[in-house]
Amino acid sequence: MDTPIPPPYSLAGQVALITGGGTGLGLGAARCFLRSGAKVVLAGRREDVLQAAAAELGDGAFAAGHDVTDFAAAPDLVARAADLAGAPPSILVNNAGVHLKKPALETGDDEFAKVLDTHIHAGFALAKAAAPGMVARGSGSILFISSMTAYMGMPLVIAYSAAKAAVKGMVITLSAELAASGVRVNAVAPGWIDTPMLRKATDADPERKRKILGRIQIGSFGEPDDVGWALAFLASPAAKYITGQILPVDGGGTASF
């Protein structure tokens with residue numbers, strides 16, 4: 001049996017809408033929110049993946065097919081999440097994203113725009129759709145996913161790093177506008193987390209894996225739940241005095257020499 005969540009950390013009665021919720025960090029976040037007492041609505045393009053994830057998570061988890069780059073459909077997603085969970089989202093986790101590994105001088109305008117649309121424009125559209133209800137209720141938490149690429153120069157990820165750096169502007173400006181209404185806005189910046197994407201990038205490149213592990217102070221890759229618990233904390237009453245912040249969850253990677 002899971003240990004009960006202490007009241008300041010409890011999300012009982014909350015509904016979390018998580019984009020990109022079927023796999024990786026989104027699924028890890030969903031697990032942690034559920035264990036904290038919230039209901040979760042997983043949103044993403046692949047309905048079969050979402051349905052499988054919701055079935056794996058069990059009671060309190062729901063699936064909602066949605067393409068985050070269909071910006072005009074953001075209000076519809078928020079409404080569907082409310083119908084599925086029985087209450088409007090009080091937590092929004094803008095997790096959906098795409099990656100592009102390519103030299104900066106070879107990155108096309110359309111490629112660059114696609115990455116920013118998925119990470120930034122989509123997150124903004126959903127924040128605009130979810131925030132009015134939170135403001136009306138006098139409370140809510142909007143969360144974004146940044147990255148260590150917003151803190152350190154890494155080659156071949158110009159569009160991704162630009163998008164993740166832009167998260168800071170989104171967070172601090174939305175926070176400045178919404179804090180007085182009881183809505184907090186924060187982000188986490190994950191480091192190297194053990195996901196299928198990371199394994200694909202490092203299993204065939206032991207030297208790269210050695211180099212990465214060598215700069216992580218804790219000495220190991222993180223797990224999706226490490227990010228999920230950080231998000232759950234930021235959404236909880238325990239973080240009621242935290243807004244406008246980006247929390248690195250990287251094992252000390254960005255603090256290393």
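Contact here means heavy atoms within 4.5 Å. On that footing, and bearing in mind that this is a predicted model, L234 makes a handy starting point. Setting aside neighbours within four places in sequence, L234 is in contact with S141, L143, R184, N186, A187, V188, A239 and I242. The residue belongs to helix α8 and, with a relative accessibility of 3%, counts as buried. A53 is another matter: 181 residues separate A53 from L234 along the chain, and their C-alpha atoms are 23 Å apart.

Right beside L234 in the numbering comes F233, and this one has an aromatic partner. The search of the whole structure turned up one aromatic pair. Its members are Y9 and F233, with ring centres 6.3 Å apart and planes at 35° to each other, a tilted arrangement. Y9 sits in the segment before β1 (15-19) while F233 is part of helix α8 (residues 224-235), so the pair ties together parts that lie 224 residues apart in sequence. Y9 is partly exposed, at 43% relative accessible area, and F233 is also partly exposed, at 26%.

Helix α8 runs over residues 224-235, and A235 turns up again in the second largest pocket. This pocket has a volume of about 170 Å³. Its lining takes in 13 residues, and those closest to the centre are Q14, S139, G140, R184 and A235. R184 also features among the contacts of L234. As for character, the lining of this pocket breaks down into three nonpolar, eight polar and two charged residues.

Then there are the enclosed spaces. Two cavities of 30 Å³ or more come out of the search of the whole structure. The largest has a volume of about 50 Å³, and its walls are made by N94, N95, A96, H119, F144, I145, K164 and V167. Two elements, β5 (140-145) and α5 (158-178), each give two or more residues to that lining, which is made up of four nonpolar residues, three polar and one charged.

The second largest cavity comes in at about 30 Å³. T19, V68, N94, N95, A96, T118, H119, A122, G123 and L126 line this one, so N94, N95, A96 and H119 appear in both cavity linings. Helix α4 (residues 109-137) supplies the largest share of the lining of the second largest cavity, five residues. The split by type is four nonpolar, six polar and no charged.

Charge pairing rounds off the picture. Side chains of opposite charge can pair when their charged atoms come close. In this model the count comes to five salt bridges. One of them joins R80 to D76, with the closest N and O atoms 3.0 Å apart. Both residues lie in helix α3 (residues 74-85), four residues apart, or about one turn of the helix. R80 is partly exposed at 27% relative accessibility, and D76 is partly exposed at 42%.

Another of the salt bridges brings together the side chains of E111 and K102, at 2.9 Å from N to O. Here E111 has a relative accessible area of 28%, making it partly exposed, and K102 counts as partly exposed at 24%. D194 and R199 also meet through their side chains in a salt bridge, with an N to O distance of 2.8 Å. D194 is partly exposed at 30% relative accessibility, as is R199 at 37%.

Note on methods: Residues are numbered from 1 along each chain as its sequence is written. This is a predicted model: local features need pLDDT of at least 70, side-chain atom pairs count only at pLDDT 80 or more; totals for chains, interfaces and linings use all residues. Side-chain values use heavy atoms; hydrogens and water are left out. Rings of Phe, Tyr and Trp (its six-membered ring) pair if their centres lie within 6.5 Å; planes under 30 degrees apart count as stacked, over 60 as edge-to-face and the rest as tilted. Buried means under 20% relative accessible area, exposed over 50%, partly exposed in between (1.4 Å probe, protein chains only). On a 1 Å grid over the protein atoms alone, a cavity is a set of points where a 1.4 Å probe fits but cannot get out, and a pocket is an open set with protein on both sides within 12 Å along at least five of seven lines; lining residues have an atom within 4 Å of a point. Grid points are joined across faces, edges and corners, and a volume is the space filled by probe spheres set on the points. Ala, Val, Leu, Ile, Met, Phe, Trp, Tyr, Cys and Pro count as nonpolar, Asp, Glu, Lys and Arg as charged, and the others, Gly among them, as polar. A salt bridge is a side-chain nitrogen of Lys or Arg within 4 Å of a carboxyl oxygen of Asp or Glu.
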